Amino acid sequence: MNNLKNELEKIKADIIDFTKKFIQIKSFTGKEAEATKLVANKMKELGYDEVTIDSYGSVLGRIGSGKTKILYDAHIDVVEAKDEAEWKYPPFAAEIHDNIIYGRGTVDTKSSVISMIYAGYLVKKLNLCKDKTIYISASVMEEDFDGELLYRAIKENNLELDYVIIGEPSNLQIALGHRGRSMYKITTLGVSAHGSAPEKGDNAIYKMAKILERIENKQKEFDKLEGEKGSIVVSNIEARTASLNAVPDMCTIYIDRRLAMGETEDKVNKEMASFIEGIDAKYEIYIAEGVSQTGKEVTLRTFMPAWEISKENYLTQVAIKSYEECFNAEAPLFKWPFSTNGFATNGEIKVPTIGFGPGNLKLAHMKDERCHIDDLYKTIIFYSSVAKNC
Ligand SMILES: [Zn+2]
């Protein structure tokens, strides 16, 4: 442990320098090319054994070539900062005040990426993983496509993995899973007519009103439940109308439905069917579409169930032991309320996965997003210890 901490001391200036450059890049989803280059170059500079960039722009660094294969992943894309004027410090200036760095991505999830990159360096430098292969994945397009781009990176690089650590803000707690996420689209159809003669038309918006009420009531039911539970939000509404002097003949809403453990597609489909019962409407799972920095199309059928890992799992035990070693305290365990790339690793390819990351998760996507520099250092030490103890 002391070796790790001593070695970390020597590179703190470089970490700060890199962190500032990285936060200053506006690496919005699908537009991460500059960040991809910066990360890949840093890994090469730090002496990684191999650095590759996949066909979507995700970076994969490798250290060692041993039998046990551990993947660390965090995403380099960030959401925009449309409320820029309200920020205390500009979102892409990476200003540091009282040892706190401000800026978009400082918690979600560039700080995790940075911690992983330097943990990889320390692991190699101190020869902590003789019989292991450590992969550091800095993936793209997570914000809109949770898990999909990491899944594609794993397939493209033919990785056979034993353990995965996902970096997302966790307030330095160990995440043992998270809720799932699904998105639905409900459309009502009506009949267009002149605005002066509503009796001749059939207003698609009025039809939607009843559906909206049912959805609002569903969330009220969730509010009354204790413990881990789903949630539902109507996140957007749009209508098709011939003009503002017409009866609209189509209305569409978008629904963000978070999933508790065990909530299946079948179950949620039935719920959607109940919302539209007796109304001329249809529901469908939303297909997210985007284009990568390299011009490749990406689609995702947005239904990602929740997952969890048991406390008894070997990886969880290693994480707990590592935490105790690093911080001389009992390891705090929790589950993320949001979805992450862990859906791909634990959910789809069934590799034991845990999460850990610097920063307060409540600051993700918020104004004044910020992270304590010490959280970064602590995470570097923790990631390195997990690699050593696995
Ligand atoms: Zn995010």
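Student: Where is Ala94 found?

Tutor: Ala94 is in the loop between S3 and S4. Helices (H or I, at least four residues) and strands (E, at least two) are DSSP runs, numbered from the N terminus. This is a predicted model, in which local features need pLDDT of at least 70 and side-chain atom pairs count only at pLDDT 80 or more, while totals for chains, interfaces and linings use all residues. Residues are numbered from 1 along each chain as its sequence is written, and side-chain values use heavy atoms, with hydrogens and water left out.

Student: Is Ala94 buried or exposed?

Tutor: Ala94 counts as buried, at 0% relative accessibility. Buried means under 20% relative accessible area, exposed means over 50%, and partly exposed is in between (1.4 Å probe, protein chains only).

Student: What does Ala94 touch?

Tutor: Leaving aside residues up to four places away in sequence, Ala94 touches Lys20, Ile23, Gln24, Ile101 and Tyr102. Contact means heavy atoms within 4.5 Å.

Student: And what is the spacing between Ala94 and Leu150?

Tutor: They are 56 residues apart in sequence, and the C-alpha to C-alpha distance is 27 Å. Leu150 is one of the buried residues of helix H4 (residues 148-156).

Student: Which other residues of H4 are buried?

Tutor: Besides Leu150, they are Glu148, Leu149, Arg152, Ala153 and Ile154.

Student: What do the buried residues of H4 pack against?

Tutor: Four strands and a helix: S3 (68-75), S6 (132-139), S7 (163-166), S14 (297-301) and helix H8 (342-348). Just after H4, Asn158 takes a positive phi of about 50°.

Student: Which non-glycine has a positive phi of about 65°?

Tutor: Asn99. Asn99 sits in the loop between strand S4 (96-97) and S5, and is partly exposed, with a relative accessible area of 35%. Lys350 is not a glycine either and has a positive phi of about 60°. Lys350 is in the loop between H8 and strand S18 (353-355) and is exposed, at 63% relative accessible area.

Student: Back to the backbone. Is the peptide bond from Asp108 to Thr109 cis or trans?

Tutor: Cis, with omega near -15°. Thr109 belongs to the loop between strand S5 (100-102) and helix H3 (110-125).

Student: Where does Ser111 lie?

Tutor: In helix H3. Ser111 counts as buried at 1% relative accessibility. Its contacts, not counting residues up to four places away in sequence, are Gly105, Thr106, Pro358, Cys371 and Leu376.

Student: How many disulfides does the structure hold?

Tutor: Zero. A disulfide here is a pair of cysteine sulfur atoms within 2.5 Å.

Student: Why no bond for Cys371?

Tutor: Because the closest cysteine sulfur, in Cys326, is 16 Å from the sulfur of Cys371, too far for a bond. Cys371 counts as buried at 2% relative accessibility, and Cys251 counts as buried at 1%.

Student: New topic, helix packing. How do the axes of H7 and H9 cross?

Tutor: The axes of H7 (residues 314-327) and H9 (residues 373-389) come within 9 Å and cross at roughly 130°. Axes are lines fitted to C-alpha atoms, for helices over the stretch in contact, and angles run from 0 to 180 degrees between N-to-C directions. H7 and H9 are therefore oblique to each other. Angles under 35 degrees count as roughly parallel, over 145 as roughly antiparallel, 65 to 115 as roughly perpendicular and the rest as oblique.

Student: Which residues make the contact?

Tutor: From H7, Tyr314, Val318, Ala319, Lys321, Ser322, Tyr323, Glu325, Cys326 and Phe327; from H9, Lys378, Ile381, Phe382, Ser385, Val386, Lys388 and Asn389. The contact of H7 with H9 has nine nonpolar, three polar and four charged residues. Ala, Val, Leu, Ile, Met, Phe, Trp, Tyr, Cys and Pro count as nonpolar, Asp, Glu, Lys and Arg as charged, and the others, Gly among them, as polar.

Student: And how do the axes of H1 and H9 cross?

Tutor: At roughly 130°, with the axes of H1 (residues 2-24) and H9 coming within 11 Å. H1 and H9 are therefore oblique to each other. In H1, Leu4, Lys5, Leu8, Lys12, Ile15, Ile16 and Thr19 meet Ile373, Leu376, Tyr377, Ile380, Ile381, Ser384 and Ser385 in H9. That contact of H1 with H9 has nine nonpolar, three polar and two charged residues.
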